[in-house]
Amino acid sequence: MSRSTRTSRRHRGFTLAEVLVVAVVMMLLAGLIVPRITGLQGRRNELALEQITDLMTMFAYKESIGDQQVGIWRDPQRDAISLMILDVDPEAPSEPAFWRRDVLVPEVRLPEGVRIAEVLENQLRMNTDGEWFIKSVPGEDRPMIQVRLEAPGMDTTLTLLPHS
């Protein structure tokens, strides 16, 4: 066996310098990628918070102008929260009014990882896992509504104060 054959067998592994370079490159890539991934989830959480705030604001606005009775409904089958309007069919005005989704206000679907931890109507707890419906009642004060959202790194309560 020649000396060159023995030397080539000995150099088949990686040197310490090569392993260190690869480790440093992997750490740099992880340092760039991980904040982007966690930042994206944070932006999704903030968007969900803004959407529910907008929905509650529209509930307050539509309730204050008094044209129609309004409500906030959670559909557990679709996991969506919608602004509802008590409406009369213009083609059958003598028929009873019915609740329909307000198409001018987008429904809210919470992103994965964000959950409604608590919903209170005038300090009464609603079932957060099932269906719930909070509505205005003509001639009465608007209810105080509190919605608490939880997600990793977020625990926020939105409050809509009562209005007389």
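**Exercise 1. Overall composition**

What share of the 164 residues in the chain do buried residues make up? Place this beside the element content and the surface of the chain.

Solution. The model is a predicted one.
- Step 1: buried residues account for 31% of the 164 residues.
- Step 2: the chain holds two helices and nine strands, and from the N terminus they run α-α-β-β-β-β-β-β-β-β-β.
- Step 3: the accessible surface is about 11400 Å², with 57% of it belonging to carbon and sulfur atoms.
- Step 4: of the contacts between residues at least 6 apart in sequence, 51% join residues at least 24 apart.

**Exercise 2. The open sheet**

State the strand order of the open sheet and identify its edge strands.

Solution.
- Step 1: four strands make up the open sheet, ordered β6-β5-β8-β9, with antiparallel pairing.
- Step 2: β6 (124–125) and β9 (154–160) are the edge strands, since each pairs on one side only.
- Step 3: β6 pairs with strand β5 (residues 115–121) in the antiparallel sense over two bridges. Within this pairing, Glu-121 has Leu-124 of β6 as its bridge partner.

**Exercise 3. Alternation along β7**

Which side chains of β7 are buried, and which point to the other face? Then find the pairing of β7 with β1.

Solution.
- Step 1: in a regular strand the side chains alternate between the two faces of the sheet.
- Step 2: in β7, Trp-132 and Ile-134 point to one face and are buried, whereas Phe-133 and Lys-135 point to the other face and are not buried.
- Step 3: β7 pairs with strand β1 (residues 70–75) in the antiparallel sense over four bridges. Lys-135 of β7 is the bridge partner of Gly-71.

**Exercise 4. The cavity**

Describe the largest cavity by volume, lining and residue class.

Solution.
- Step 1: rolling a probe the size of a water molecule over the atoms shows where empty space is left.
- Step 2: the count is one cavity of 30 Å³ or more, and the largest cavity holds about 50 Å³ of space.
- Step 3: the lining of the largest cavity consists of Ile-52, Leu-55, Met-56, Ile-72, Ile-81, Ile-116, Trp-132 and Val-147. Helix α2 (residues 16–65) contributes the most to this lining, with three residues.
- Step 4: the lining has eight nonpolar residues, no polar and no charged ones.

**Exercise 5. Three residues and their surroundings**

Is Asp-87 buried or exposed? Classify Met-144 and Pro-162 as well, and list the contacts beyond four places in sequence.

Solution.
- Step 1: Asp-87 lies in strand β2 (residues 80–87). Its relative accessible area is 15%, so Asp-87 is buried, the cut-off being under 20%. Asp-87 touches Gln-68, Ala-97, Phe-98 and Arg-100.
- Step 2: Met-144 sits in the loop between β7 (132–135) and β8 (145–151). Met-144 has a relative accessible area of 17% and is therefore buried. Its contacts are Leu-120, Glu-121, Asn-122, Gln-123, Thr-159, Leu-160, Leu-161 and Pro-162. Met-144 and Leu-120 are 24 residues apart in sequence, and their C-alpha atoms are 7.8 Å apart.
- Step 3: Pro-162 belongs to the segment after β9. Pro-162 is partly exposed because its relative accessibility is 45%. Pro-162 is in contact with Arg-142, Pro-143 and Met-144. The C-alpha atoms of Pro-162 and Ala-60 are 9.1 Å apart, although 102 residues separate the two along the chain.

Key: Residues numbered from 1 in each chain as written. Predicted model: local features only at pLDDT ≥ 70, side-chain atom pairs only at ≥ 80, totals over all residues. Heavy atoms only, no water. Buried < 20%, exposed > 50% of the residue type's maximum accessible area, 1.4 Å probe, protein only. Contact = heavy atoms within 4.5 Å. Pairing = 2+ DSSP bridges. 1 Å grid on protein atoms, 1.4 Å probe; cavity = no way out; pocket = protein on both sides within 12 Å on 5 of 7 lines; lining within 4 Å. Points joined across faces, edges and corners; volume = space filled by probe spheres on them. Nonpolar A, V, L, I, M, F, W, Y, C, P; charged D, E, K, R; others polar. Areas by Shrake-Rupley, 256 points an atom, 1.4 Å probe, with all protein chains shown as cover.
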